[in-house]
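Work through these exercises with the model open beside you. Try each task before you read its solution.

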Amino acid sequence: MKFFVDTADIADIKEMADTGLLDGVTTNPSLIAKSGRDFIEVTREICSIVDGPVSAEVVALDHETMMKEAETLRKIADNVCIKVPLTIDGLKTCKKLTSDGTQVNVTLCFSANQALLAAKAGATFVSPFVGRHDDNGFDGMSLIEDIVTIYSNYGFETEVLVASIRNPVHVLQSALIGADVATMPPAVIKGLFKHILTDKGIEGFVADWEKTGQSIPTS
Ligand code: E4P
């Protein structure tokens, strides 16, 4: 399973990249606004930190303008992945861009039928939003299950990128279902490392080791 971080905060992205476990980055207009940075500049900086796909989202709602915006965004770096909304214009844009070899992430997916459309439009990634689905009384994980089943039924190559993740349990469930990618806020990635028994275990080993008076030579 690939791990993407869902943020435009450079310090957080660097911290995650330093673990060696980061496969990509997703941003959206809200995350760019939160960063307080110029969209093009911050996207360029993110692309220089991470080798994998960096999703940068168009903001136009019509196909022609989306294409023009995508043209600007894909010039930023080779690893830019154009993010488009799951609308007719968004999918027209997806079809056109992917036929030229550009990576496209189709975002704001809330149904399995929408995911089917994204795959037919040649999307590189589809982003079903589990947290927002749960928030509105639906079952986000059953949506992921349905999409993974449909893509496997027909051999679609579109990767299921689980988005709007709120906690480590969402990550676990996505992995059990076999989703390709999880994009997570930095706090959720950090949460994956944690276990109270790991902390207690370290505490015990350190205390017992100190009693031996020994040290392991480091040079
Ligand atoms: C990812 O691509 C989405 O932009 C993101 O996961 C949305 O998350 P939110 O529902 O927490 O805003």
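**Exercise 1. Find the residue that caps the N-terminal end of helix 9.**

Solution. This is a predicted model, so treat each distance as computed from it. Step one: go to the start of helix 9, which runs over residues 168-177. Step two: look for a side-chain oxygen close to a backbone nitrogen there. Asn167 supplies the oxygen, 3.0 Å from the backbone nitrogen of Val169. Asn167 is therefore the cap, since a polar contact needs N or O atoms within 3.5 Å. Step three: check what comes after the helix. Helix 9 is followed by Gly178, whose phi is positive, near 100°.

**Exercise 2. Work out which residues of helix 9 are buried, and why they lie on the same side.**

Solution. Step one: list the buried residues. They are His170, Val171 and Ser174. Step two: recall the helix geometry. An α-helix has 3.6 residues a turn, so residues three or four places apart point the same way. Step three: apply the arc. The buried residues of helix 9 cover only 100° around the axis, which puts them on the same side. Step four: turn to the other side. Leu172 and Leu176 are exposed there. Step five: name the packing partners of the buried residues. Among them are strand 1 (2-6), helix 7 (130-135), helix 8 (140-154) and helix 10 (186-193). Strand 7 (159-162) and strand 8 (181-184) also pack against these residues.

**Exercise 3. Describe the surroundings of Ser174.**

Solution. Step one: place the residue. Ser174 lies in helix 9. Step two: classify it. Its relative accessible area is 0%, so Ser174 is buried. Step three: find a polar partner for the side chain. A polar atom of the Ser174 side chain lies 2.7 Å from the backbone oxygen of His170. Step four: list contacts, leaving out residues up to four places away in sequence. Ser174 then touches Met1, Met141, Val162 and Ala179.

**Exercise 4. Repeat the face analysis for helix 3.**

Solution. Step one: inspect the start of the helix. A side-chain oxygen of Asp38 reaches to within 3.2 Å of the backbone nitrogen of Ile40. Step two: list the buried residues of helix 3 (residues 39-49). They are Val42, Thr43, Ile46 and Cys47. Step three: look down the axis. The buried residues of helix 3 fall within an arc of 140°, so they line one face of the helix. Step four: see what covers them. The cover includes helix 1 (10-18), strand 2 (24-26) and helix 2 (29-35). Strand 3 (54-57) and strand 4 (80-85) are also included.

**Exercise 5. How many disulfides does the model hold?**

Solution. Step one: set the cut-off. A disulfide needs two cysteine sulfur atoms within 2.5 Å. Step two: apply it. The count comes to zero disulfides. Step three: check Cys47. Its nearest cysteine sulfur, that of Cys81, is 10 Å away, and Cys47 is in no disulfide. Step four: check Cys94. The nearest cysteine sulfur to Cys94 is that of Cys81, 9.3 Å away, and Cys94 is in no disulfide. Step five: ask about exposure. Cys47 has 8% relative accessibility, so it counts as buried. Cys94 is buried too, with a relative accessible area of 0%.

**Exercise 6. Which residues lie around the ligand, and which side chains make polar contacts with its oxygen atoms?**

Solution. Step one: collect the surrounding residues. They are Asp6, Thr26, Asn28, Lys83, Phe129, Arg132, Ala163, Ser164, Arg166 and Thr183. Step two: pick out polar contacts. A polar side-chain atom of Asp6 lies 2.7 Å from a ligand oxygen. For Lys83, the distance from a side-chain N or O atom to a ligand oxygen is 2.6 Å. For Arg132, the corresponding distance is 2.7 Å. Step three: account for the ligand's surface. Taken alone, the ligand exposes 340 Å², and the protein buries 84% of that.

**Exercise 7. Summarise the whole chain.**

Solution. Step one: count the elements. The protein chain has eleven helices and eight strands. Step two: give the dimensions. The C-alpha trace spans about 70 × 40 × 30 Å along its principal axes. Step three: state the burial. Of the 219 residues, 45% are buried. Step four: take the surface. The chain exposes about 11,600 Å², and carbon and sulfur atoms supply 54% of it.

Methods: Residues are numbered from 1 along each chain as its sequence is written. This is a predicted model: local features need pLDDT of at least 70, side-chain atom pairs count only at pLDDT 80 or more; totals for chains, interfaces and linings use all residues. Side-chain values use heavy atoms; hydrogens and water are left out. Buried means under 20% relative accessible area, exposed over 50%, partly exposed in between (1.4 Å probe, protein chains only). Helices (H or I, at least four residues) and strands (E, at least two) are DSSP runs, numbered from the N terminus. The arc is that of the directions from the helix axis to the C-beta atoms. Contact means heavy atoms within 4.5 Å. A polar contact is a pair of N or O atoms within 3.5 Å; within protein, one must be able to donate a hydrogen and the other to accept it, and residues adjacent in sequence count only if both atoms are side-chain atoms. A residue is near a molecule or strand if one of its heavy atoms lies within 4 Å of it. Accessible areas come from the Shrake-Rupley method with a 1.4 Å probe; for residues, only the protein chains shown count as cover.
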